[in-house]
Amino acid sequence: MGNKLIDLQGITKSYGKQMVLDDLNLYIRENEFLTLLGPSGCGKTTTLRIIGGFESPDKGRVVFDGQDITDLPPNKRHLNTVFQKYALFTHMTIAENIAFGLKIKNKSKAYIDDKIKYALKLVNLDGFENRMADSLSGGQQQRIAIARAIVNEPKVLLLDEPLGALDLKLRQDMQYELIRLKNELGITFVFVTHDQEEALTMSDTIVVMNQGYIQQVGTPEMIYNEPENAFVADFIGDSNIIPGTMIEDELVEFLGTKFRCVDKGFGNNKPVDVVIRPEDVELVAPEKGTIKGVVTHLIFKGVHYEMEVMAGGFEWLVQSTKMSPVGAEVGIKVDPFNIQIMNKPESEDEEAVGVDE
Amino acid sequence: MRNCAKRIYLFLMVLFLYLPIFVLIVASFNDSKILGKWNGFTLEWYKQLFDNASIMNALRTTIVLALLASIIATVLGTLACITISKMKKSTKSIVVGITNIPMLNAEIVTALAFMLLFVGLGISLSFSTVLIAHVTFCIPYVVLNVLPKVSQMDNNMYEAALDLGATPFQAFYKVTLPEIMPGILSGFLMSFTMSIDDFIITHFTRGSGIDTLSTKIYTEVRKGIKPEMYALSTLLFVTVFVLLFLVNYGPKTKAKKSFTTLIFKNKVTVAISMCVVIIASVFGYNLLKDDKNYIGDVYVYNWGEYIDPAVIELFEERTGYKVHYEEFETNEEMYTIIAKGARTYDVICPSDYMVEKMIENELLAEIDYSNIPNISNIGTQYMNSAQGFDPGNKYCVPYCWGTVGIMYNKNMVDDEVNSWGILFNEKYEDNILMQASVRDAYCVALSYLGYSINTLNEDELKEATDLLVAQKPIVQAYVVDQVRDKMIKNAAALAVIYSGEAIYMQKENPDLEYVVPDEGSNVWIDGWVIPKDCQNKEAAEAWINFLCEPEIALMNFEYITYSTPNVAARELIEDEEIRNSQIAFPDESILSRCSVYNYLGKEGDTLYDYYWTMVGGAESD
Ligand SMILES: Nc1ncnc2c1ncn2[C@@H]1O[C@H](COP(=O)(O)OP(=O)(O)O)[C@@H](O)[C@H]1O
Ligand SMILES: [Mg+2]
């Protein structure tokens, strides 16, 4: 991956009294597939709109390819947006929609025709030139919106929850389609979603946001395996998040029991949060476990069983291919490698405070 | 079975809805002036319609007005919608509510409010005032049509255009505008329809000389319906129908969509043809003024059907003045307009008592008789009678005069008619027509009771009122202008009527006879006066002088059939029977029984109006 293409420096934005983004710092590299991930209302769209030029930040700078573009209007920026609801022009045919940007730039007719053909082929919709936008299905409209954007050869494509309105099957198809597109075009994608699975599947880099703050930036693996705080852990997949105390390096105590772990450098007798993924919890015979418990719920999920186990006064979520019936006494064992230790925020609010990269 | 009943119901409903219009349309092609008698198909009325310069003029005004009003309203309304759509939800709903209210408001209230506003601001009514009023009442219809389109439009669409490199102007012009175009088009068509359709607001805000089709139809119809009006109404109906059809059925179909795109793609063509239409109509409008002969304008305010149209044309040819001719229905209506200064006229033709009232309120200018040499043609006896309301003959030149009497149908009335008493005879229940005017109604009752027709004695008035109230159940109707048609068509046996009408009606239906009852009656004189705020006194005096020419007075007499005070004109009447007609020129014995109406003063008017309300003559019919 290349150099910094977009650099957001100290971006602050509020609507009225409501602070939406607070001193946000983020850079996006050339050719990167970067995903802004976070719950609804956390400021993803706002961030995207600031990059696109549709909102101007109250404070901070947007630097693009080394140039400050904070005050540049959207029509002068070398990037294109695929809007959440596609925003196709309904009074135009598909071809006219795709040609819109090129016509504005006074490209020749032959060039435009070529581009339309190429773009439709790229999104697998050859022959749709003369259809009207509203005669297309959601997925098709989505692809036209992408085609309309990419014919302008932008350096960056901004996509705001582009798959949100599609049904599950279509969404999965489109995910692969987008990855293929990105590889073929070799441009930067900034992708917004609130769906963690989508983010994990598609991204090179994930930026987890909450309440206007960046919680963690990293590769999908890093985000999933080593969440830096309880919010990220909770938001990315199911987790057992248990308050505990770091006794010393590589030894943590929670639920009244000491566990071996691999983390160091938290200090001695420090309160921490412990994250354990449900698939990392091993159910063994009661006497073989670190602590004992009783199975309270059991659901068959197809690939695995999901169980809840009451142990040490905590309801553990457990995923396993082996089934233990409700009421069975079990022992719980966790590999030290799978115990993730996180700093405990001192107050509720701090949960949302930006974490240094 | 149920289906059948449904169909019958639907059929009846449509029938009731459209039957009147259907009758109108059929009548417009009927080669007979009488409704209900089919004489074969004709296009004569349409031909006459298109030959009628004043109607064609009104048509031009209507189109120019509707185009200008709807274009301005569409632009303003669309901009308003874009602003409104950017507002916060709460503000938005308030603003939308405010713009909707004028549509629900009673039109008459809006109309009066406009008139008050203009008159209050000292703006005299003109084409511009009608235009302003039309623009105002059209805007809500534009908002109604455009706002949903603007709200519906994905806000990101505009941003998508910017994103693809369009400037804000390009984005608006290439994306926002075409996206909301169906709404704009519907709003425009609806405004256009509303403007063409409007009568009340136009009526109250128009300046003198401005007539649209609807006000023209209204004034024409008051004189008795001419078949060309059927033709005109048919055309108007068809136009409005087609426009509304476009508005309602257009946007939902695919066809309309391509229609809109078509219009938009050919916007240059559309814009050019629109301009051509406007320029052509405005130009045509001005052509009238570009007459080589043209030396000025004269604004005339006269009773309906009270001049031979050929006389107006002759006057224009002869003098070079362009005549803007308008009509009123009652003296009181005219008085309000003049006294409020809502419209200004150069020369007006009120009745005797109204002349007196206008003199008293200093609304009139003295006539310079050196500009009216033809005054010598007016008989001195009439000038003397006129002194009864215009002492010294300073303000008024008599134009027509006559008596009030009873017209009856010889085949339907077997008693001798020589007393007002016959109008109170129950034998003729539902066959009696009274005049819906205070003074004429009281003339009947007071004369019958032997009192003065100018009485201010409350006991006498009360007695007369009781008489009229008691008579009301046997009266078919209190009418203004329908007396002619009804009597000619044998639809009533007895009617209170002016002598002038009697001559015309007798010609149409020889069974009719006219009598001035023995108890006495009213002799009335209508004359030309010049209001103080007249803009062109020279033209007004030229007009009066022209009407006093014997040949011209004769033309008018033959057309209006009301008695003329122009003795030179009477000498020119060829038909001996008419020249010596007792109806047109009653001898002294009849005239001596009659007196003029005097202006009763404000209190007198109030008193009469008070009792008149009890009779309720004005509301019947
Ligand atoms: N134009 C606006 N006016 C006022 N508040 C806004 C506006 N746009 C967004 N917000 C608020 O800012 C917050 C972040 O919004 P957004 O960036 O759209 O979040 P996301 O895309 O992550 O769901 C939300 O609370 C939203 O209500
Ligand atoms: Mg969003």
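Visitor: How far is an oxygen atom of ligand 1 from an N or O atom in the side chain of A:T45?

Guide: This is a predicted model. A polar contact needs a pair of N or O atoms within 3.5 Å. The pair formed by an oxygen atom of ligand 1 and an N or O atom in the side chain of A:T45 has a distance of 2.5 Å.

Visitor: How much of the accessible area of ligand 1 does the protein cover?

Guide: On its own, ligand 1 has 550 Å² of accessible area. The share that the protein covers is 61%.

Visitor: Which residue has a backbone N or O atom 3.1 Å from an oxygen atom of ligand 1?

Guide: Take two backbone distances. For A:C42, a backbone N or O atom lies 3.2 Å from an oxygen atom of ligand 1. The distance of 3.1 Å belongs to A:G43.

Visitor: Which element supplies the largest share of the shell around ligand 1?

Guide: The surrounding residues include A:Y15, A:Q18, A:V20, A:K44, A:T45 and A:T46. In chain A, β2 (18–29) and α1 (44–52) each supply at least two shell residues. The largest share is 3 residues, and its source is α1(A).

Visitor: How many residues of the shell around ligand 1 are polar?

Guide: Sort the shell by class. It has 3 nonpolar residues and 1 charged residue. Glycine counts as polar, and A:G41 and A:G43 are among the surrounding residues. The polar count is 6.

Visitor: Is B:T212 buried or exposed?

Guide: B:T212 is found in the loop between α9 (200–205) and α10 (213–222) of chain B. Beyond four places in sequence, B:T212 is in contact with B:A58, B:T62, B:L65 and B:T202. Buried means under 20% relative accessible area. B:T212 has 5% relative accessibility, so it counts as buried.

Visitor: Which residues of β3(A) are buried on the side opposite A:F33, A:T35 and A:L37?

Guide: In strand β3 (residues 33–37) of chain A, 5 of 5 residues are buried. In a regular strand, side chains alternate between the two faces of the sheet. Both faces of β3(A) are covered. A:F33, A:T35 and A:L37 take one side; on the other are A:L34 and A:L36.

Visitor: Which residue of β9(A) stands opposite A:L36?

Guide: Follow β3(A) to two strands. With β8 (residues 188–193) of chain A, β3(A) pairs in the parallel sense over 5 bridges, and the partner of A:L36 there is A:V192. With β9 (residues 205–210) of chain A, β3(A) runs parallel and is joined by 4 bridges. There, the residue opposite A:L36 is A:V207.

Visitor: How many residues of β9(A) are buried?

Guide: A:T205, A:V207 and A:M209 point one way and are buried. A:I206, A:V208 and A:N210 point the other way and are buried too. Of the 6 residues in β9(A), the buried count is 6.

Visitor: Which turn residue between β9(A) and β10(A) has a positive phi?

Guide: β9(A) and strand β10 (residues 213–218) of chain A run antiparallel, joined by 5 bridges. Across them, A:V208 stands opposite A:Q216. The two strands form a hairpin with 2 residues between them. In the turn, the positive phi, about 45 degrees, is that of A:Q211.

Definitions and conventions. Residues are numbered from 1 along each chain as its sequence is written. Chains are lettered from A and ligands numbered from 1 in the order in which they are written. This is a predicted model: local features need pLDDT of at least 70, side-chain atom pairs count only at pLDDT 80 or more; totals for chains, interfaces and linings use all residues. Side-chain values use heavy atoms; hydrogens and water are left out. A residue is near a molecule or strand if one of its heavy atoms lies within 4 Å of it. A polar contact is a pair of N or O atoms within 3.5 Å; within protein, one must be able to donate a hydrogen and the other to accept it, and residues adjacent in sequence count only if both atoms are side-chain atoms. Accessible areas come from the Shrake-Rupley method with a 1.4 Å probe; for residues, only the protein chains shown count as cover. Buried means under 20% relative accessible area, exposed over 50%, partly exposed in between (1.4 Å probe, protein chains only). Contact means heavy atoms within 4.5 Å. Two strands pair if DSSP finds at least two bridges between them.
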